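Work through the exercises below with the sequence and the model side by side. Try each task before reading its solution.

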Amino acid sequence: MSSHISRRTASATLLASSLSLAFGLSVLSSPLLAATPKDTLVQALAFDDIITMDPAESFEISAGEIMGNTYDRLVRLNVANPSELVGDIAKSWTVSADGKTFTFELKPGLKFASGNPITAEDVAWSLQRAVTLNKTPAFILTQLGLNKDNAAQRVKATGPLTLTLETEKSFAPTLVLNCLTANVASVVDKKLLLSKEANGDMGYAWLKTNYAGSGPYKLREWRANEIIALERNDQSATKAVLSRVIYRHVKEAATQRLLLEKGDIDVARNLAPQDINALAANKDIKTTTTAKGTVFYISMNMKHPAFAKPEVREAMKHLLDYDGIGATLVQHIGRIHQNFLPVGLLGAATDKPFKLDVDKAKALLAKAGYPNGFKATIDMRTVQPVQGITESFQQTAKRAGIELEIIPGDGKQTLTKYRARSHDMYIGTWGADYWDPHTNADTFARNPDNADDAKAKPLAWRNAWDIPELTKKSDAAMLERDGKKRAAMYQEIQAEFRKTSPFVMVYQQTDVAAYRANVDGLKLGTTSDTNYVFNIKKR
């Protein structure tokens with residue numbers, strides 16, 4: 001008998017092992033039975049960017065999806081119409097005449113997965129905790145005027161099911177409410193976390209790999225770069241249809257496609273254009289798409305002497321083959337977009353002034369004092385289409401004399417280096433943290449302090465782009481309560497950004513999921529945390 005094990009057998013064995021380890025279940029009697037269990041959704045997803053499962057710290061796109069399905073917050077986006085908000089834990093809310101005080105009434109009878117009741121004190125403490133820990137996403141709340149010294153006064157329970165939030169200024173009300181849809185505003189179980197507290201850390205060390213929420217699913221297990229296991233939370237007011245959801249870390253698109261075709265997974269989430277094309281004729285496979293609030297970009301650290309020159313930054317924007325990338329590398333999965341606001345957000349521009357023009361780039365480089373080009377490195381996460389775009393850019397940049405050395409790594413490695421602004425160039429993504437234009441303006445077009453030890457470290461800071469005037473314009477736009485005037489302000493900010501920024505905006509993501517025909521109810525949201533799996537069922 002041959003000792004060779006088929007890819008199908010190995011894959012089924014891996015699935016059985018994953019389910020057994022995550023849930024203590026022997027769900028497959030034989031490794032040859034590759035079909036996934038009827039009460040379990042198995043998805044292939046590249047999630048090597050996840051660093052923590054604490055919503056006060058989690059700020060990665062893949063983790064956003066897990067947070068959206070495992071934690072509740074005061075309000076959520078209406079997935080059918082993202083410009084609308086719906087109550088989640090909040091039953092209702094009002095805004096004071098001066099626009100500074102938001103009062104929330106909570107739905108009665110809600111519980112955490114632990115069985116502890118959800119109270120206004122839990123909600124207030126959750127927001128206070130996020131501000132006090134002051135991890136990367138805390139700025140979403142601190143920009144409203146909250147800090148560790150005033151959070152207890154500005155966010156407080158006024159009754160068992162009522163609380164108030166006081167902002168520093170009269171912000172656009174939609175901005176404040178949209179901030180409260182963000183993962184950092186997730187409501188955590190105060191009693192449970194205080195029982196896990198170590199040295200006054202509010203349960204921070206424990207929650208990195210554990211769970212303290214009330215969402216439709218609860219986190220059963222996370223093994224980095226391997227598996228995420230979610231289990232139905234029977235305490236949740238939103239009843240998940242399936243008993244469990246398994247995410248398997250699979251980086252290669254071709255492998256995801258093979259697993260999907262064989263029935264070893266139910267959903268493939270990172271398919272390349274050629275894989276989507278190949279699946280089109282398969283009657284057992286369906287696809288769903290949605291325009292995502294996620295943009296892909298290449299950035300230049302202005303600490304590099306060449307990128308400090310405006311002509312060089314402009315030249316780089318003429319050294320990307322937008323048409324070629326759009327027709328091949330991001331076919332089906334994105335559309336070329338040269339602005340930091342994704343289409344769908346208030347004030348999003350659709351101007352596309354740049355195209356591949358090597359001669360123009362050479363003239364700009366010569367004007368900047370680099371007639372023979374220069375050398376730089378570019379940090380790249382080794383997933384598609386990021387790798388393909390980077391390699392294409394390396395080739396077109398070389399035509400203008402620019403030698404780009406590609407430094408590959410996983411999501412955690414490249415992000416850590418980028419956040420320390422120790423890169424030359426970086427190719428990455430930015431997903432809207434909440435459905436308001438300020439979420440992207442705040443990071444791409446705002447940098448209140450360019451010092452190395454600055455408290456706020458948006459993308460503009462990471463690339464050492466010192467922009468006091470543009471920062472003022474972004475600050476003004478977040479206060480404008482008239483929607484039309486506010487949209488016009490963002491149009492103006494984007495025009496300045498296109499001209500002078502150290503960002504080459506590449507495309508806006510079209511999220512695609514391919515799935516087995518027996519899966520019903522799969523709908524992707526505009527943000528990662530609105531990719532809901534609790535509505536999905538299987539036949």
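**Exercise 1.** Find the bridge partner of L77 in β3, and describe how β2 and β3 are joined.

*Solution.* Begin with L77, whose bridge partner in β3 is L85. Next, look at the two strands as a whole: β2 (residues 75–78) and β3 (residues 81–87) are antiparallel and share 4 bridges, where strands count as paired if DSSP finds at least two bridges between them. Strands here are DSSP runs of E with at least two residues, and helices are runs of H or I with at least four, both numbered from the N terminus. Finally, follow the chain from β2 to β3, which form a hairpin with 2 residues in between.

This is a predicted model, in which local features need pLDDT of at least 70 and side-chain atom pairs count only at pLDDT 80 or more, while totals for chains, interfaces and linings use all residues. Residues are numbered from 1 along each chain as its sequence is written, and side-chain values use heavy atoms, with hydrogens and water left out.

**Exercise 2.** Describe the surroundings of N78.

*Solution.* First place the residue: N78 belongs to strand β2. Then list its contacts (heavy atoms within 4.5 Å); leaving aside residues up to four places away in sequence, N78 touches E84 and V86. A polar atom of the N78 side chain also lies 3.0 Å from the backbone nitrogen of A80. Last, compare sequence with space: N78 and T530 are 452 residues apart along the sequence, yet their C-alpha atoms are 9.1 Å apart.

**Exercise 3.** Work out the strand order of the open sheet of 4 strands, and explain which strands stand at the edges.

*Solution.* Start from β4 (residues 90–95) and β5 (residues 101–106), an antiparallel pair joined by 5 bridges. Within this pair, T94 has T103 as its bridge partner, and V95 stands opposite F102. The hairpin between them has 5 residues, and in it G99 takes a positive phi near 75°. Now extend the view to the open sheet, whose order is β4-β5-β7-β6 with antiparallel pairing. Because β4 and β6 (155–159) each have a single partner strand, they stand at the edges, and one side of each is left without a neighbour in the sheet. From one strand to the next, the twist averages 25°. Add the helix last: α3 lies across β5, β6 and β7 (162–166) and runs at about 175° to β6, where axes are lines fitted to C-alpha atoms, for helices over the stretch in contact, and angles run from 0 to 180 degrees between N-to-C directions.

**Exercise 4.** Locate the cis peptide bond from Q384 to P385, and the positive phi of M202.

*Solution.* For the peptide bond, read omega, which is near 5° between Q384 and P385; P385 sits in the loop between β14 (375–381) and α14 (386–398). For the second site, M202 is not a glycine, although its phi is positive, at about 55°. M202 is found in the loop between α7 (190–195) and α8 (204–207).

Key:
Polar contact = N/O pair within 3.5 Å; in protein donor to acceptor, adjacent residues only side chain to side chain.
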